[in-house]
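Me: Hi! I've got a structure open and would like to talk it through with you. Can we start once it's on screen?

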Amino acid sequence: MKPFSKINASLSKIAAIALLILISTPATLLSQMPPAQGPPPVTVPEPSLIPIFFIRNYLKLYLKDTIIPSIQAKIDAESPVDIDLSFTVTPGKPSMSETQYTDQPNQKIVTIPYKIKYKLDGILNRNLYQNIKVLVSCDGWFASGGGRLKILLRADKPYLDNPSFAEQAISFFVAGTLTNYLDNTIRSRLPDALNRAIPTGFFRTECNCLSVISDMPPNYDNSWVTYHLTPTRPDIFTSATNTISVSIKSIKRLAAKNYETNTILYDEQENITLEMFVNQKALTFTIDDIMEGQERILPDNNTLLKKPNDAGSLIVLANIMQSNFFKDSKYLLFTRAQNFGNGTKKLIVQKQFWSKPFRLPNGSMSKPQLRLVDAYEITVDIKVQNSLLQH
């Protein structure tokens, strides 16, 4: 072989590997998250209301009466210097957002952000900050009888500003332990204590619609969470010409290898659980001893749904769970423009591995990257029973 032929062959090989890496790398994590299908916004003129200031007041009281005394007592008992702990709460703009699950249906929620500033006074002068989100959801909004309002606190890890000169000096005389003590004491106690539900006993909680009305800054305390239970027709009134039926027909295990080591992902013979969501309805199948190239016909199943409205969608989501607790997920999304997926569809679930670092032209090492490889092909049969949509 001539030298330039060898060079061309090498370049072709490099290009092929680069292409394989490109097509097997996820664009973004967000692309793996199915979009939320509801709950829909509130449209009635007089919905149920929760004032945002109620949530703010609850948060302040909980900090004042529960969290701060607990931390203060520990500081008083163990600190070599006098330290008084206080706090202030600054609200952010409440807004609609979505949960971000890759392995289950997502839903629209109200997110209310707060920033907490904890101040350590005394011989020390130091601040600690924490971001907290209050999440308001309508759990089970898709059920025929509606869902129930749920309010959760979610706290990030707190972060401290730099220690003052006085703290550094004191810490030096107590073997350098004071700064670490303050960091560990406050950091370890705050997040877990603030990941909790807020009681809703004061309110009616039935709902299947959810919205938020935000005031102009900085008066976010004058905002409102609005919700409502709109009566829906029972499924028995669903017309035979206004439904979507979805059947999960089969699963085939594809040849999926770590192309760097040429080894099978994950095991040569696998026992797996296939969990499917058809919109919010779940099905589960168990498949034992499946090997690459094998296809299994699944037990008869049929999920019947009301046809979504023009702005609605059909989402078919698959989770494949291995006996070693690995889980891989993928979904298909169909809108009215796609006839809600009418026909036979293939849902490809991928397996993952981390590529090895390699040396870059500048001499540094690359970072490991997540690679995805097609691993399972699930056959789904979708029948849209609506004469207006048939072509």
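**A hairpin and its surroundings**

Reply: Happy to! This is a predicted model. Strand 19 and strand 20 (residues 327-335) form a hairpin, with four residues between them. In the turn, F325 has a positive phi of about 75 degrees.

Me: Nice. How many bridges pair strand 19 and strand 20, and in which sense?

Reply: They pair over nine bridges, in the antiparallel sense. One pair of bridge partners is S313 and T335, with T335 in strand 20.

Me: What about strand 15, how is that joined to strand 19?

Reply: Strand 15 (residues 269-278) runs antiparallel to strand 19, and seven bridges join them. For T273, the bridge partner in strand 19 is M321.

Me: Why is strand 19 described as largely enclosed?

Reply: Because nine of its 10 residues (313-322) are buried, strand 19 is largely enclosed by the rest of the structure. Buried here means under 20% relative accessible area.

Me: Switching topic: how many cavities of 30 Å³ or more are there?

Reply: The structure holds one, with about 60 Å³ of space in it. Its lining includes P34, F277, I315 and L317. By class, that lining has six nonpolar, four polar and no charged residues.

Me: And which residues lie nearest the centre of the second largest pocket?

Reply: Those are T99, Y101, Q107, I109 and D139, out of 19 lining residues. Strand 5 (126-139) and strand 6 (147-155) each give two or more residues to that lining. The second largest pocket holds about 450 Å³ of space.

Me: What classes line that pocket?

Reply: Seven nonpolar, eight polar and four charged residues line the second largest pocket.

Methods. Residues are numbered from 1 along each chain as its sequence is written. This is a predicted model: local features need pLDDT of at least 70, side-chain atom pairs count only at pLDDT 80 or more; totals for chains, interfaces and linings use all residues. Side-chain values use heavy atoms; hydrogens and water are left out. On a 1 Å grid over the protein atoms alone, a cavity is a set of points where a 1.4 Å probe fits but cannot get out, and a pocket is an open set with protein on both sides within 12 Å along at least five of seven lines; lining residues have an atom within 4 Å of a point. Grid points are joined across faces, edges and corners, and a volume is the space filled by probe spheres set on the points. Ala, Val, Leu, Ile, Met, Phe, Trp, Tyr, Cys and Pro count as nonpolar, Asp, Glu, Lys and Arg as charged, and the others, Gly among them, as polar. Buried means under 20% relative accessible area, exposed over 50%, partly exposed in between (1.4 Å probe, protein chains only). Two strands pair if DSSP finds at least two bridges between them.
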